[in-house]
Amino acid sequence: MKKDKEEMIEEIEDIAEDIKDNMEEEKEDIDEESTELDELKKELEEKNNRVLRLQADFDNYRKRVEKEKMEIVKFASADLVEKLLPVLDNFDRAVEEEMKNGNEDDGFLEGVKLIQKQLLNVLDTEDVKEIEAINKPFDPNYHNAIQMVESDDHDSNIVTEVFQKGYQMKDRVIRPSMVVVSK
């Protein structure tokens with residue numbers, strides 16, 4: 001019986017040893033799985049951050065494209081307006097010449113003025129405005145100085161004469177005024 005007890009104790013110790021070994025293996029497995037889980041969490045967080053950055057980049061791209069699209073629509077007729085400005089200049093010259101020649105009551109002059117007015121109305125619908133220049137301070141954003149002259153009648157850096165009218169469409173200069181500036 002004593003032998004049976006010793007064998008039983010030995011068996012229990014073996015079983016306890018096996019349980020201990022199994023627990024250590026399980027603990028190692030749990031530690032490995034915990035490490036893997038931490039790595040997966042970190043990888044998921046990195047990918048989530050990447051997705052958020054990509055989404056922000058896409059939103060910025062979409063906004064930029066929308067803004068560019070609005071600019072294109074806003075200034076779609078700018079090229080046509082630029083091509084019409086020399087025609088308007090010629091109408092101005094024709095009216096000025098007829099006025100110089102004393103043909104103010106001439107039917108031809110009235111017809112030219114009507115056409116000129118009609119063209120100005122069309123340009124006005126496109127929000128095209130003449131750049132005011134005479135007696136205004138010179139501004140290189142709106143004026144192109146082609147000459148500087150000494151003047152006792154004007155302060156320095158004031159537009160005294162306009163050789164060619166300038167125009168702007170909405171907030172963009174289509175053609176700067178060609179001007180003479182006092183010094």
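In what order do the three strands of the open sheet with antiparallel pairing stand? The order is β1-β4-β5, as the first of the close-up views below sets out. The model is a predicted one, in which local features need pLDDT of at least 70 and side-chain atom pairs count only at pLDDT 80 or more, whereas totals for chains, interfaces and linings use all residues. Residues are numbered from 1 along each chain as its sequence is written, and side-chain values use heavy atoms, with hydrogens and water left out.

**View 1. The antiparallel sheet β1-β4-β5 and the helix α2 that packs on it.** Three strands form this open sheet, with antiparallel pairing; strands are DSSP runs of E of at least two residues and helices are runs of H or I of at least four residues, numbered from the N terminus, and two strands pair if DSSP finds at least two bridges between them. The edge strands, each pairing on one side only, are β1 and β5 (172-175). From one strand to the next, the twist averages 35°, where axes are lines fitted to C-alpha atoms, for helices over the stretch in contact, and angles run from 0 to 180 degrees between N-to-C directions. Helix α2 packs on the sheet and touches β1, β4 and β5, its direction making about 50° with that of β5; contact means heavy atoms within 4.5 Å.

**View 2. The hairpin of β4 and β5.** The two strands pair in the antiparallel sense over three bridges, with Met-169 opposite Arg-172 and Gln-168 opposite Val-173. Two residues lie between β4 and β5, and Lys-170 in this turn has a positive phi of about 55°. Most residues other than glycine have a negative phi.

**View 3. The largest nonpolar core.** A nonpolar core is a set of buried Ala, Val, Leu, Ile, Met, Phe, Trp, Tyr and Cys residues joined through side-chain atoms within 4.5 Å; buried means under 20% relative accessible area, exposed over 50%, and partly exposed in between, with a 1.4 Å probe and protein chains only. Of the 15 residues in this core, those that touch the most other members are Val-81, Leu-85, Leu-123, Val-128, Met-169 and Ile-174. Two or more residues are given to this core by each of α2 (78-100), α3 (107-125) and β4 (166-169), and the largest share, six residues, comes from α2. Leaving aside neighbours within four places in sequence, Ile-174 is in contact with Ala-78, Val-81, Glu-82, Leu-85, Tyr-167, Gln-168 and Met-169.

**View 4. The two faces of helix α3.** Leu-109, Val-112, Gln-116, Leu-119 and Leu-123 are buried in α3, and they lie on the same side of the helix because they cover an arc of only 90° around the axis, the arc being that of the directions from the helix axis to the C-beta atoms. An α-helix has 3.6 residues a turn, so residues three or four places apart point the same way. The buried residues of α3 pack against α2 and β1 (128-131), while the face turned away from the buried side carries the exposed residues Gly-107, Leu-114, Lys-117, Gln-118 and Thr-125. The 19 residues of α3 should span 27 Å at 1.5 Å a residue, which agrees with the 27 Å between its end C-alpha atoms; the expected span is 1.5 Å times one less than the number of residues. Just after α3, Asp-127 takes a positive phi of about 60°.

**View 5. His-143 and the sheet β2-β6-β3.** This open sheet of three strands has mixed pairing, and its edge strands, β2 and β3, each pair on one side only. β2 and β6 (residues 177-182) pair in the parallel sense over six bridges, and His-143, which is in β2 (residues 143-149), stands opposite Ser-177 in β6. His-143 counts as buried because its relative accessibility is 5%. Apart from neighbours within four places in sequence, the residues in contact with His-143 include Ile-131, Pro-137, Phe-138, Val-159 and Val-179.

**View 6. Two asparagines with positive phi in loops.** Asn-135, in the loop between β1 and β2, has a positive phi of about 60° although it is not a glycine, and at 48% relative accessibility Asn-135 counts as partly exposed. Asn-157, in the loop between β2 and β3 (159-164), has a positive phi of about 70° and is partly exposed, with a relative accessible area of 37%.
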